[in-house]
Amino acid sequence: MTVRILVVEDEAIIAIDIADQLMVAGFQIVGPVPSVAKALRLISEEGCDAAVLDVNLRDETTEAVAFALRSRGTPFLFLSAISRDRLPSGFQDEVLLPKPVKPEILVAALSSIAE
């Protein structure tokens, strides 16, 4: 079974790069999507096995997406240029990878949470 990864990233070039890295590693990509509304719609309509979330998307954060994933028991990690103390309240213990991240580190982190 292929693990389906939701990618939520508002910078198109970064989103495409992340998706490409994950596809090469054997994951199936859901998205990528640049907004909370689109991410929530995909979670509801298609679901996913795990997710990669940028914290800040233009003028919104992915906090609502993280809550939706958590309520479904779907693992996720944050991939962002922010520091841990800037994560949304209640999410400081989640995996936070810094941008840019080496593909092998991202793949290893996803593999460990999506087992």
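Visitor: Before we start, what counts as buried, exposed or partly exposed here?
Guide: Buried means under 20% relative accessible area and exposed means over 50%. What lies in between is called partly exposed.

Visitor: Good. In this predicted model, is Glu 46 buried, exposed or partly exposed?
Guide: Glu 46 forms a salt bridge with Arg 4, with the closest N and O atoms 3.5 Å apart. That pair links the loop between H2 and E3 to strand E1, 42 residues apart. The relative accessible area of Glu 46 is 45%, and the in-between range runs from 20% to 50%, so Glu 46 is partly exposed.

Visitor: Which residue forms a salt bridge with Asp 54, and which third residue is linked with the two in a network?
Guide: Asp 54 sits in the loop between E3 and E4, and its partner is in the loop between E7 and H4, 45 residues apart. Asp 54 is buried at 6% relative accessibility, while Lys 99 is partly exposed at 23%. The closest N and O atoms of Asp 54 and Lys 99 are 2.9 Å apart. So the partner is Lys 99, and the network's third residue is Glu 9.

Visitor: How about the sheet: what is the order of the five strands?
Guide: The sheet is open and its pairing is parallel. Strands E2 and E7 are the edges, each pairing on one side only. At the E7 end, three bridges join E6 to E7, with Phe 78 partnered by Leu 96. The order reads E2-E1-E3-E6-E7.

Visitor: Which strands does helix H4 touch?
Guide: Helix H4 covers residues 103-113 and packs on the sheet. Its direction makes about 160° with that of E6. The strands touched are E1, E3, E6 and E7.

Key
Residues numbered from 1 in each chain as written. Predicted model: local features only at pLDDT ≥ 70, side-chain atom pairs only at ≥ 80, totals over all residues. Heavy atoms only, no water. Pairing = 2+ DSSP bridges. Helix = DSSP H or I, 4+ residues; strand = E, 2+ residues; numbered from the N terminus. Contact = heavy atoms within 4.5 Å. Axes fitted to C-alpha atoms, helices over the stretch in contact; angles between N-to-C directions. Salt bridge = Lys/Arg side-chain N within 4 Å of Asp/Glu carboxyl O. Buried < 20%, exposed > 50% of the residue type's maximum accessible area, 1.4 Å probe, protein only.
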